[in-house]
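Trainee: I want to test the labels people put on a model like this. Can we go through them one by one?

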Amino acid sequence: MFKELDPILHSQLRLAVMSLLIGVKEADFTFIREKTNATAGNLSVQVQKLKDAGYIEVTKQFKDNYPQTTCKITATGIEAFDAYVKALQQYLQAGSS
Amino acid sequence: MEEKKVMTESESLALIADMIQRAKHTYYETGVGPILWGTVVSIASCMTYLQKEYHFSIGFDIWIIVLIAIIPQILISIREKRMHGVKKHEDDALNAVWVTYAISIFGLIIYQNIIPEATVQLNAQEGWVMMRHYTNLQHPDEMIRPFAPSIYSLFILLYAFPTLVTGIVKKFRPMLAGAGIAYVLFIVSCYTASKYDMLLGSVSAICCWLIPGIILRRKYLAQKSAAHV
């Protein structure tokens, strides 16, 4: 029985954001945008979806008079990411056997 | 990144691997800090050696430049913190190691300056003094001021410590090599006169910080120019 792939994570940009955040403690919006080559508007929408799912924490603050948005993966996010990768592996193993 | 309607499982795994690599290979250290400290400590050590070897004085304590370097280091740290955009898991631990190192170096400087006078006073309380006695009897005995012998060896030992930790944690070979060289030079310095310890300390600073700093700087600039292409 295959586990269904998490629809929140099974989207290119959201998965890219989560994959970036899994390897770091926290990253700001500009860093994520540069690494994913996404547009600010699209990234904002996807970040909000991840936040709503409880997968990331988003902190908005002012730094040197400029707004700064920092994203950090949550424990729920780590669990979901782990489950997603395991489900992917299951699909790939089934495909190769 | 354009949003695709459907992603295959292998595409998802490839994307995960790619993003993890992108985060991993982000050089956010500019290399300026290690270059600064490598330069300052190597110049101070080398100048101290030259003054001792060739019996001249530049008229001021060259180690003052190490104290002065704290000011640009604070500015560099503030600037780099603003620029980073990303904080890795190991950053806090490494910062703690370097702060501990700075405190330990400061402690060693205090030790080096306090011990001679404190020893004189403690000896005086017990009613004895330290004397230099020439075994060939060609010179009269003379009173000597106590000192911590070959203390710069301990500085070299300390230079290696945070460098090795950073090298291991960041898997940064130039720092691993620098720390290895510093440990070897520490052992060598145990057998050499203190003026040569200064020279060995200068080489240690170059290997631990200056060379890794230059390598880091080149990587950082290469990454920065690639991002603007």
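Trainee: How many residues does each chain bring to the contact?

Mentor: Chain B brings 24 residues and chain A brings 30 residues. Keep in mind that this is a predicted model.

Trainee: What makes a residue count as part of that contact?

Mentor: Heavy atoms must lie within 4.5 Å. The 24 residues of chain B and 30 residues of chain A are therefore the ones that meet this cut-off.

Trainee: What area is buried between chain B and chain A?

Mentor: About 2700 Å². Carbon and sulfur atoms give 62% of that area. The figure is summed over both chains, so it is not the loss of one chain alone.

Trainee: Why is the pair A:Lys25 and B:Asp92 called a salt bridge?

Mentor: The rule asks for a side-chain nitrogen of Lys or Arg within 4 Å of a carboxyl oxygen of Asp or Glu. A:Lys25 and B:Asp92 meet at 2.5 Å, N to O. The pair is Lys with Asp and 2.5 Å is within 4 Å, so the name holds. The count between chain B and chain A is one salt bridge.

Trainee: How many residue pairs are in polar contact across the interface?

Mentor: Eight, with both residues at pLDDT 80 or more.

Trainee: Which elements of chain B give two or more residues to the side that touches chain A?

Mentor: They are α1 (9-24), α4 (70-84) and β1 (86-87) of chain B. α1(B) gives the most, with 10 residues. By class, that side of chain B has nine nonpolar, five polar and 10 charged residues.

Trainee: How do you know that β1(A) and β1(B) pair?

Mentor: Pairing needs at least two bridges. Strand β1 (residues 26-28) of chain A and β1(B) have two bridges, so they meet the rule. The sense is antiparallel. A:Glu26 stands opposite B:Lys87 in β1(B).

Trainee: What makes β2(A) and β3(A) a pair?

Mentor: Eight bridges join β2 (residues 56-63) to β3 (residues 66-73) of chain A. The rule asks for at least two, so this pair passes. The two strands run antiparallel. Bridge partners include A:Val58 with A:Cys71, A:Ile56 with A:Ile73, and A:Lys63 with A:Tyr66.

Trainee: What lies between β2(A) and β3(A)?

Mentor: Two residues, and the strands form a hairpin. A:Asp64 in the turn has a positive phi of about 50°.

Trainee: What is the strand order in the open sheet?

Mentor: The order of the four strands is β2(A)-β3(A)-β1(A)-β1(B), with antiparallel pairing. The edge strands are β2 of chain A and β1 of chain B, as each pairs on one side only. Inside the sheet, β1(A) and β3(A) pair over two bridges. There, A:Asp28 stands opposite A:Thr70.

Trainee: Why does A:Lys86 with A:Asp82 count as a salt bridge?

Mentor: Their side chains meet at 3.2 Å, N to O. That is within 4 Å, so the pair qualifies. Both residues lie in helix α4 (residues 75-96) of chain A, four residues apart, about one turn of the helix. The structure holds nine salt bridges over all chains.

Trainee: What is the order of elements in chain A?

Mentor: From the N terminus, α-β-α-α-β-β-α. Chain A has four helices and three strands.

Trainee: Where in chain B is confidence lowest, and where is it highest?

Mentor: Lowest is α4(B), at a mean of 85. Highest is helix α7 (residues 173-189) of chain B, at 97. The mean pLDDT of chain B is 91, and 96% of its residues reach 70 or more.

How values were computed:
Residues are numbered from 1 along each chain as its sequence is written. Chains are lettered from A and ligands numbered from 1 in the order in which they are written. Side-chain values use heavy atoms; hydrogens and water are left out. Buried area is the accessible area (1.4 Å probe) that two parts lose on being put together, summed over both. A polar contact is a pair of N or O atoms within 3.5 Å; within protein, one must be able to donate a hydrogen and the other to accept it, and residues adjacent in sequence count only if both atoms are side-chain atoms. Ala, Val, Leu, Ile, Met, Phe, Trp, Tyr, Cys and Pro count as nonpolar, Asp, Glu, Lys and Arg as charged, and the others, Gly among them, as polar. pLDDT is the predictor's confidence in each residue, from 0 to 100.
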